[in-house]
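Me: Could you take one part of this model and walk me through it slowly, explaining how its pieces sit against one another? I am in my first year, so please spell out the reasoning as you go.

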Amino acid sequence: MGLDISLAFVETRPDLDEVSDILTEYYAQILERLMAVGGPSLSVEDHVQSSLDVIDDFMPPNGGVLLARDSSGYLLGCAFVRMIDDHRAELKRLFVRDIARGYGLGRRMIEMRIEKARELGATTILADTVRGNSSMLALYDRLGFSETPRYDGQANPAAFEKYLVYRKLELDKV
């Protein structure tokens, strides 16, 4: 691997300025993809702020915020997981900066969140992504996720259903 990358779930709330920076890049890309499939034009800043407003939902004991850093401590990626209820977990906001792509980091971050969800008691893992996000969908498929309808507890508005694809992984079958 060309980069020395460390991955860890944070034990306490992360630096919100640092997380805000990486979420700004994430939402800039994902909201552009949403518009590309006919979705509405939405505010990057509003989405970053709403993510920061609910970050505690992703903190222990009900979730995890996974951060990827290089050897100097620079934030290369983030990924969130939270329990929706006693048995279902949701994967959210996976993002890897361009300089760290191509090293299998996205896959590793999904795998680590699956393990975290299992530790939290999940038997089903749910995720969503924008239609046409072929690299993300291919990765979910390779990891054994299957297509599923929109699920209860989904944070995105029901009106966005036509722009999103939902995936599910049953842990007892893994």
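Reply: In this predicted model, the charged end of K116 sits over the ring of F9, at 4.7 Å from the centre of that ring. Rings also meet other rings, and a search of the whole structure finds six aromatic pairs. One of them joins Y26 and Y27 in an edge-to-face arrangement, with 4.8 Å from centre to centre and 70 degrees between the planes. Another pair, formed by Y140 and F145, is tilted, with 4.8 Å between the centres and 50 degrees between the planes. Y26 counts as buried because its relative accessible area is 13%, under the 20% cut-off, and Y27 is buried as well, at 7%. Y140 is buried at 3%, and F145 is buried at 5%. Ring pairs also link Y26 and Y27 with F95, so that these residues form a cluster.

We can now turn to the sheet. It is an open sheet of seven strands in the order 1-2-3-4-5-7-6, and its pairing is mixed. Strand 1 (6–9) and strand 6 (146–147) are its edge strands, each pairing on one side only. Strand 3, residues 75–83, runs antiparallel to strand 4, residues 88–96, and six bridges join them; within this pairing, F80 has K92 of strand 4 as its bridge partner.

Strand 4 also leads us to helix 2, since strand 4 and helix 1 (16–36) are among the elements that cover the buried residues of helix 2. Those buried residues, in a helix that spans residues 44–53, are V44, V48, S51 and L52. They lie on the same side of helix 2 because they cover an arc of only 100 degrees around its axis. The general reason is that an α-helix has 3.6 residues a turn, so residues three or four places apart point the same way. The face turned away from this buried side carries the exposed residues D46 and D53. At its N-terminal end, helix 2 is capped by S43, which has a side-chain oxygen 3.3 Å from the backbone nitrogen of E45.

A last residue to look at is E170, in strand 7 (residues 164–170). E170 counts as partly exposed because its relative accessibility is 22%, and the range for that class starts at 20%. Leaving aside residues up to four places away in sequence, E170 touches T123 and T124, and its side chain makes a polar contact of 2.8 Å with the side chain of T124.

Methods:
Residues are numbered from 1 along each chain as its sequence is written. This is a predicted model: local features need pLDDT of at least 70, side-chain atom pairs count only at pLDDT 80 or more; totals for chains, interfaces and linings use all residues. Side-chain values use heavy atoms; hydrogens and water are left out. Two strands pair if DSSP finds at least two bridges between them. Helices (H or I, at least four residues) and strands (E, at least two) are DSSP runs, numbered from the N terminus. Buried means under 20% relative accessible area, exposed over 50%, partly exposed in between (1.4 Å probe, protein chains only). The arc is that of the directions from the helix axis to the C-beta atoms. Contact means heavy atoms within 4.5 Å. A polar contact is a pair of N or O atoms within 3.5 Å; within protein, one must be able to donate a hydrogen and the other to accept it, and residues adjacent in sequence count only if both atoms are side-chain atoms. Rings of Phe, Tyr and Trp (its six-membered ring) pair if their centres lie within 6.5 Å; planes under 30 degrees apart count as stacked, over 60 as edge-to-face and the rest as tilted. A charge sits over a ring if NZ of Lys or CZ of Arg is within 6 Å of the ring centre and within 35 degrees of the ring normal.
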